[in-house]
Structures are given as structure tokens and as C-alpha cells.
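The following exercises introduce a structure step by step. Each task is followed by a worked solution.

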Amino acid sequence: FTNVAVVCCLILMSVLNSIFTDDPAWSYHRNGQYKVEKATSWNSIRYYVKGDFTEKYTNQKILHLEWEIERDYKQDLQIKCINNQRRKEQLMYQYRVTGNTRYRDYADGMDLTSCKDYNDFKLPQYISSNP
């Protein structure tokens, strides 16, 4: 009986959590909910919001949100860069182990612009931690 009660409690908590949790304020991609295109003030990173966005968010909250978008964007660039570097290292390792020049050629031709983009990307200074 206690196992059933625990399972029911977990299900109830999950349902209540989904009811009281707000949708994210923005998305990188346009979809059914996020139709209004915007861009950050600093680096013009494109993002999409719901139609009632300007009614729900003050200018200060929008600046905070845009800073978070910029931070997330820079983190995404860093992850892409690291993944591409690892892939290139794996290919070069395969070349050294097998002697197959196709691995080396593929590694040499890899696009690592995400690393340059990451290094060039300037994250704005955030002034206040309270939106």
C-alpha cells in the first residue's frame, strides 16, 4: 500500500509542477507559441517571443533576459567549438593509428569557425543581478 501511495504522490507532484511552471520567455526558433522575432541589443542575437511578451516584461526584465540569451549563445558556441576540436583530434588519432590519409584530409578540412566565433564573441557586462 505504501508503494502505491508514494507513486500517487510522485504523479501528483509532477502534475502540479507542470501546471504551475511557466513556459520559457523566449526561443531561438520560431514555432506555434513563439512567433514574434526580436534581437538582442548588444550582439543582435535573434530570438522569438510570444505575442504578449511586451505586456509581461519591463525594459529592465527584457535587458536581463537578453543578457541571458547572449550568455547562452556564447555557451552554445563554446560547446560547438569543443565538440569540433574533439572530433578533429579523434580523426587525427585515427590517421596516426591507421595511416589512412582520408582521416587527416577530413580533419584538415573541418570547419572550426565556431571556435573563432566563440573567441570573437563579446558578452556584455551585466550591471544588476535583479531583473
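**Exercise 1.** In this predicted model, determine whether Ser 27 is buried or exposed, and describe its surroundings.

*Solution.* Step 1. The relative accessible area of Ser 27 is 14%. Buried means under 20%, so Ser 27 is classed as buried.

Step 2. Ser 27 belongs to strand β1, which covers residues 26-27. Its bridge partner in β3 is Tyr 48.

Step 3. Beyond its neighbours within four places in sequence, Ser 27 is in contact with Tyr 34, Tyr 47 and Tyr 48. Tyr 48 is thus both a contact and the bridge partner of Ser 27.

Step 4. The side chain of Ser 27 also reaches the backbone oxygen of His 29, at 3.0 Å.

**Exercise 2.** Establish the order of the strands in the sheet and state which strands stand at its edges.

*Solution.* Step 1. β1 and β3 run antiparallel and are joined by two bridges.

Step 2. β2 and β3 also run antiparallel, with four bridges between them. One facing pair here is Ala 39 and Arg 46, the latter in β3.

Step 3. The resulting open sheet has three strands in the order β1-β3-β2, with antiparallel pairing.

Step 4. β1 and β2 (36-39) each have a single partner strand, so they stand at the edges and one side of each lacks a neighbour in the sheet.

Step 5. The link between β2 and β3 is a hairpin with six residues between the strands. In its turn, Ser 44 has a positive phi of about 55°.

**Exercise 3.** Identify the residues of the largest nonpolar core and the element that gives the largest share of them.

*Solution.* Step 1. The core has eleven residues: Ala 25, Trp 26, Ile 45, Tyr 47, Val 49, Phe 53, Ile 62, Leu 65, Ile 69, Leu 77 and Phe 121.

Step 2. Two elements, β3 (46-49) and α3 (59-98), give two or more residues to this core. The largest share, four residues, comes from α3.

Step 3. Take Ala 25 as an example of a core member. Leaving out residues up to four places away in sequence, Ala 25 touches Tyr 34, Tyr 48, Val 49, Phe 53, Tyr 57 and Leu 65.

**Exercise 4.** Locate Asp 117 and compare its separation from Gln 78 in sequence and in space.

*Solution.* Step 1. Asp 117 lies in helix α5, residues 113-120.

Step 2. Its relative accessibility is 37%, so Asp 117 counts as partly exposed.

Step 3. Asp 117 and Gln 78 are 39 residues apart in sequence, while their C-alpha atoms are 8.9 Å apart in space.

Definitions and conventions
Residues numbered from 1 in each chain as written. Predicted model: local features only at pLDDT ≥ 70, side-chain atom pairs only at ≥ 80, totals over all residues. Heavy atoms only, no water. Buried < 20%, exposed > 50% of the residue type's maximum accessible area, 1.4 Å probe, protein only. Polar contact = N/O pair within 3.5 Å; in protein donor to acceptor, adjacent residues only side chain to side chain. Contact = heavy atoms within 4.5 Å. Core = buried A, V, L, I, M, F, W, Y, C linked by side-chain atoms within 4.5 Å. Pairing = 2+ DSSP bridges.
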